[in-house]
Amino acid sequence: MNPELQRPKGTQDILPPESWRYDKMRRLALDIAQQYGFNLIETPIFEQTSVFLRVGEATDIVQHERYSFIDAGGVNLTLRPEGTAAVARAYIQNGLYNWPKPLKLVYWGPMFRRERPQAERYRQHTQFGAELYGSESPTADAEIILLACRVVDRVGLENPEVRINSIGCAVCRPRYRQALVEYYAGRREELCQDCQNRMEKNPLRLLDCKIDVAIRQTAPDLADYWCDDCRAHIESVMDQVGGAGRSIRRDPYLVRGLDYYTRTVFEVGHPSLGAATALFGGGRYDGLSGQFDGPSAPAVGFGMGIERMLSAVGNRLQPEPASVVYIAHLPGFENQAQLLGEQLRNVGLATECDLLNRSLKAQLREAGKTARFTVIAGGYEWEQNLVQVKDFTERSQESVAVPDLAGYLLNQLRNPEQNSDGGANL
RNA sequence: GUGGAUGUAGCUCAGCUGGUUAGAGCACCAGGUUGUGGCCCUGGGGGUCGGGGGUUCAAGUCCCCUCAUUCACCCCA
């Protein structure tokens, strides 16, 4: 195929049955969000570039990986690389700080980052995320983590293991940062090239270097620098999440890339993920909304990578069977079959007809792949207002009067002793 | 942005050191049953061997370039 006509690098066409898994995942996530009292918010998939520059100037996501363009009106726009900044913008612009507190929002949609694709990392990927505004309490952090864990658990990835850390607040973090830089400065010669850069740009990220692991082992620990409030905060979060039966442990080297976090940061990984570190990750960002010319509000949230979730879940999340009834027809009865199909769809039965004028044999073969019941319309039975109904799971067949067909099928489906194990998977 | 691997049918792949019309399994279609699926049997459609250039009497096979995919680093969901 002509390279110019191929899909852009790092994007994907999601084909059935995978497409149904995506859909199921979305319904499941939103369902659980509702159970926690979260409300759905939709924001544009592009924002003015300043929105993202405002919150993440030092991060790679907005520094090197931006999809930006100037539109015909000369406005500088950027495809959103993450959800938090966009929701924060919407929070201020719509005056949501005046809504009853706390404000609990979830979002679902595509995110864009121009990076080199690799395992479970795409230039367009889907994130499900939550943002909880207006509460400084550790119960808010805990609820965010518990919500995300429940989604992970519900799709079949049992026992998500939460790694958590506190990167401190405006009081204690600067003290720690200074101690850390002093420690690493004494060993500058031993550091890898990336870490030399990290010392200038974002010293905290020295801690998650995969090469210089030996050096960090004797580095100062954040926990020794936490102020009383920060210490009490993370301990309370861990108590709640652990008390709810989730496994959670402190990871002293966990520091997240986005630099708007305060106190809590957390991640959940999965063994099947390889180089991709996290199924979901997030933290607290009390100062963020204040950067949008509005009142500052405490907030905590997470983002969850749906492609990674589905990859880790594998086939444990099965799409619903496609079709329940197939209407086959004898030669010359294709129109009647389609009309019969509409009658069954009227009562909610998933129904397919032959659209290719194929032989009865071919129609039955097709039906056997997707349907539980096959109706055969036409011939001499049709003259007597009858159709043949085959039940593939029972290997049975009987004549049913056309006016009774819908009722008959509904009644068969309601019968509990019959289970549809008969090849009805998409 | 840096480094490695791989591109043969819709899918998974075979094709020995270059040598006739490039194969298999699965999938798809038809027939075996002019009105009854699955299993079985028979047949069929499908390929610019990613693209371009080069070496050679001869290239899927060797060389160069390019594109795509993939894995890792950086970073992240």
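This talk goes through a predicted model of a protein with an RNA strand, starting at the RNA and moving on to salt bridges and backbone details.

First, the conventions. Residues are numbered from 1 along each chain as its sequence is written, chains are lettered from A and ligands numbered from 1 in the order in which they are written. Because this is a predicted model, local features need pLDDT of at least 70 and side-chain atom pairs count only at pLDDT 80 or more, while totals for chains, interfaces and linings use all residues; side-chain values use heavy atoms, with hydrogens and water left out.

Let me begin with the RNA. Which residues come nearest to RNA strand B? They are R113, R121, R198, G257 and T277, out of 50 residues around the strand. A residue is near a strand if one of its heavy atoms lies within 4 Å of it. Of the RNA atoms that come within 4 Å of the protein, 48% belong to sugar and phosphate.

The surface near RNA strand B is made of 16 nonpolar, 13 polar and 21 charged residues. Here Ala, Val, Leu, Ile, Met, Phe, Trp, Tyr, Cys and Pro count as nonpolar, Asp, Glu, Lys and Arg as charged, and the others, Gly among them, as polar. Several elements supply at least two residues each, including helix 3 (60-63), strand 6 (124-133) and helix 7 (193-201). The largest share, seven residues, comes from helix 12, which spans 360-370. Helices (H or I, at least four residues) and strands (E, at least two) are DSSP runs, numbered from the N terminus.

Now some individual atom pairs at the RNA. R205 has a polar side-chain atom 3.1 Å from a sugar or linking oxygen of RNA strand B. For A278 the polar atom is in the backbone, and the distance to a sugar or linking oxygen of the strand is 2.6 Å. Q397 goes to a base instead: a polar atom of its side chain is 3.0 Å from a base nitrogen.

Within the protein, the side chains of T49 and N76 make a polar contact of 2.6 Å. A polar contact is a pair of N or O atoms within 3.5 Å; within protein, one must be able to donate a hydrogen and the other to accept it, and residues adjacent in sequence count only if both atoms are side-chain atoms. T49 belongs to helix 2 (residues 49-56) and counts as buried, at 5% relative accessibility. Buried means under 20% relative accessible area, exposed over 50%, and partly exposed in between, using a 1.4 Å probe and protein chains only.

Next, salt bridges. How many does the structure hold? There are 21, each defined as a side-chain nitrogen of Lys or Arg within 4 Å of a carboxyl oxygen of Asp or Glu.

One of them joins D293 and R54, with the closest N and O atoms 3.7 Å apart. D293 sits in the loop between strand 10 and strand 11 and R54 in helix 2, so the pair ties together parts 239 residues apart in sequence. D293 is exposed at 70% relative accessibility, and R54 is partly exposed at 39%.

Another salt bridge links R246 and D153, at 3.3 Å from N to O. R246 is in the loop between helix 9 (228-243) and strand 8, and D153 is in helix 5 (residues 138-154), so parts 93 residues apart in sequence are tied together. R246 is buried, at 17%, while D153 is partly exposed, at 31%.

A third example is R163 with D251, where the closest N and O atoms are 2.9 Å apart. R163 lies in strand 7 (residues 161-166) and D251 in the loop between strand 8 and strand 9, 88 residues away. Both R163 and D251 are buried. They also belong to a network of salt bridges with R256 and E267.

Last, the backbone. A cis peptide bond joins P16 and P17, with omega about 5 degrees; P17 is in the segment before helix 1 (18-35). K101 and P102 are also joined by a cis peptide bond, with omega about -5 degrees. P102 is in the loop between helix 4 (84-93) and strand 5 (103-112).

Two residues that are not glycine have a positive phi: R263 at about 55 degrees and N385 at about 65 degrees. R263 is buried, at 15%, whereas N385 is partly exposed, at 41%.
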